[in-house]
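Open your viewer and get ready to click along. Could you walk me through this structure, one selection at a time?

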Amino acid sequence: MDPKPEPNVSRRQFLRDGARAAALTGLGGLLGVVAHRATAKGFVWQIDPQKCVRCGNCATHCVLEQSAVKCVHAYAICGYCQLCTGYFEPEPNDLNTGAENCQCPTSAIKRTYVEDPYYEYTIDEALCIGCAKCVEGCNRFGNGSLFLQVRHDRCVNCNECAISKVCAGDAFVRVSADHPYLLKTMSHGA
Amino acid sequence: MKNRKQDITRRQFIKKGAQDAGLLALGSAVFAGTGRTAGAASAGADVNPFAYDVGRLRTTDPKLIQYEQVGVFRSPYPEPRRIAVGPEGRLYIAAGNYVSVVDRDGARVSEIALPRPAKCVAVAGDGTVYAGVKDHVEVFDSKGQRQAVWDSPGKKAWLSGLAVGEKDVFAADSGDRVVLRYDRSGKLLGRIGEKNKERNVPGLVLPSPYLDVKLAPDGLLRLNNTGRHRVEAYTVEGDLEFFWGKPSMAIDGFCGCCNPVGLALLPDGRYVTSEKGLPRVKIYSKEGAFECVVAGTESFSENWRKCSPSDCTTGGLDAAVGADGQIYILDMVEANVRVMARKKQA
């Protein structure tokens, strides 16, 4: 009877190679997961401007000290009105930039003369608290070019958004992080 | 050693224990219910500290309202846009894909079918009907037979008002911010209201498509320059003669992005203006001084509601004046016509 052939690998080598292969497989899997997360960012909170009822809760219920919800302006549909009902109090003393005539509680809207009779309105996001007072004025009497959006340069994307729980218009929705904004592109009456 | 005598029996202990547990459970339930009710009440009582409050503008000083409603009838079709008075006092309503002819009580006399939604209408003294769809004018004889289809003034055309004189037809084109002057055969004769520094014409500002035009008894045209919140008078050649009006939410002004959205003229040359946003119909003197209210915002609750939450650009009113001075108010949201007569004591 021939002697038993010598094995090509010893038990120790087998175990060592097996452990190495398992480690590499695990590392590969980990890299795959990381790569997947890097390309698919998941979902973030956003406000559907067509559902927003300007209830004021965005200003008072965000977990951040200053709300991550800001007013944004769709310039393409703005009327550049002299009597901007987003900018002015309902019954202003005069149509100028005097604080007593302006309705934004934090003076976050800037009014700039363009040419007779047009004025441009821009939002200073550092001051805007997302109260939607201007949005209501613009929607009620204007073209609806002012609207609210969650700004993702400051939103912490809570699992359960504190504003969404109290949103009176049920306007908070989850959207793909690849397309995180729901922008108006045409006036509501067009 | 003798056992001390027990104060309560086992049965009493169990009975008392059960009573205490029941009371505890009841108390918990009541407390929880109270808390929940209080919480709900608190939530319901939340007041928006940033509310845009225009509630006080929803009512009109009764002393200013000098007309009363003497009738109302439905528009023959939904989405009415303009109303005009023709010969024999009949009303012509541009609504849906039709121009409907009705008598003063709203009974349908006839109707003219159009290929697209009717945006405006005017009627000549001989009964010829000029109907504007979005981008062109169609002409019909007094029996409703199509006589002509005029060329479109351009891709951006959005006709929103028409007026007709003895020799001319004027088409208010909101899309191109101009009033086009045609002869009765459809030949373009001129453009009115365009910005022109040499002629001192500032141009029309129209954030929404509500440009209207009327030909007054003095031979001048009246246009509503809505973005400037004023009424402007032009010669038929296009010279700006005068204007009046101011931006304001007060009763004597015009508010929002664009008002007034409709014009009509009383037999003595005074103005009837129609507005959206704050839906109201008012009368101004020939010089443009506010005189009185025909119907205030409180009369048009649906039209007001249409602007909230988000659809102001489709609301609004239009008006036409009968030979007897009665004012017909077309509500574009409720799709009805209100007949207004001056109060006897006014």
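Here is a short tour, chain by chain, with something to select at each stop. Keep in mind throughout that this is a predicted model.

**Stop 1: chain A as a whole**

Colour chain A by secondary structure. You should find three helices and six strands. Starting at the N terminus, their order is α-β-α-β-β-β-α-β-β. Of the 190 residues in chain A, 34% are buried. Now think about contacts between residues with a separation of 6 or more: in chain A, 75% of them link residues 24 or more positions apart.

**Stop 2: helix 3 of chain A**

Select residues 133-141 of chain A, which form helix 3. How many of the residues of this helix are buried? The count is nine of its nine residues, so the helix is mostly covered, where buried stands for 20 or more other C-beta atoms within 10 Å. Click through them and you will meet, among them, A:Cys134, A:Val135, A:Cys138 and A:Phe141. Charged names turn up here as well, including A:Lys133, A:Glu136 and A:Arg140. What do the buried residues of helix 3 of chain A pack against? Add strand 2 (69-73), strand 3 (109-115) and strand 5 (146-150) of chain A to your selection, and you have the partners on screen.

**Stop 3: across to chain B**

Next, show both chains together. Where they meet, 30 residues of chain B are in contact with 30 residues of chain A. On the chain B side, 17 of these are nonpolar, ten are polar and three are charged.

Now hide chain A and look at chain B alone. Chain B has two helices and 24 strands. Buried residues account for 42% of its 346 residues. Among the contacts in chain B with a separation of 6 or more, 46% join residues 24 or more positions apart.

**Stop 4: a four-stranded sheet**

Select strands 6, 7, 8 and 9 of chain B. They form an open sheet in the order 6-7-8-9, with antiparallel pairing. Its edges are strand 6 (120-123) and strand 9 (146-149) of chain B, each of which pairs on one side only. From one strand to the next, the twist averages 20°. As background, strands of a sheet pair through backbone hydrogen bonds.

Zoom in on strand 8 (residues 137-140) of chain B, which is joined to strand 9 of chain B by three bridges. Which residue is the bridge partner of B:Phe140? Look in strand 9 of chain B for B:Arg146. In the same way, B:Glu138 stands opposite B:Val149. The two strands make a hairpin with five residues between them, and B:Gly144 in the turn has a positive phi of about 90°.

**Stop 5: the nonpolar core**

In soluble globular proteins, nonpolar side chains tend to be buried together. Here, the largest nonpolar core has 124 residues, and B:Val121 and B:Ala131 have the most contacts inside it. Strand 3 (residues 91-95) of chain B gives this core its largest share, five residues. Centre the view on B:Ala131: beyond its neighbours within four places in sequence, its contacts include B:Ala94, B:Ile112, B:Leu114 and B:Val121. B:Glu138 and B:Phe140, from your last stop, are among its contacts too.

**Stop 6: B:Lys344**

Finish by selecting B:Lys344, in the segment after strand 24 (336-342) of chain B. Is B:Lys344 buried or exposed? B:Lys344 is exposed, because it has 6 other C-beta atoms within 10 Å. Draw a distance from its C-alpha atom to that of B:Gln66: the two are 278 residues apart along the chain, yet their separation is 8.8 Å.

Conventions
Residues are numbered from 1 along each chain as its sequence is written. Chains are lettered from A and ligands numbered from 1 in the order in which they are written. This is a predicted model: local features need pLDDT of at least 70, side-chain atom pairs count only at pLDDT 80 or more; totals for chains, interfaces and linings use all residues. A residue is buried if 20 or more other C-beta atoms lie within 10 Å of its own, exposed if 12 or fewer, and partly exposed in between; C-beta atoms are placed from the backbone. Two residues are in contact if their C-beta atoms, placed from the backbone, lie within 7 Å. Two strands pair if DSSP finds at least two bridges between them. Axes are lines fitted to C-alpha atoms, for helices over the stretch in contact, and angles run from 0 to 180 degrees between N-to-C directions. A nonpolar core is a set of buried Ala, Val, Leu, Ile, Met, Phe, Trp, Tyr and Cys residues joined through C-beta atoms within 7 Å.
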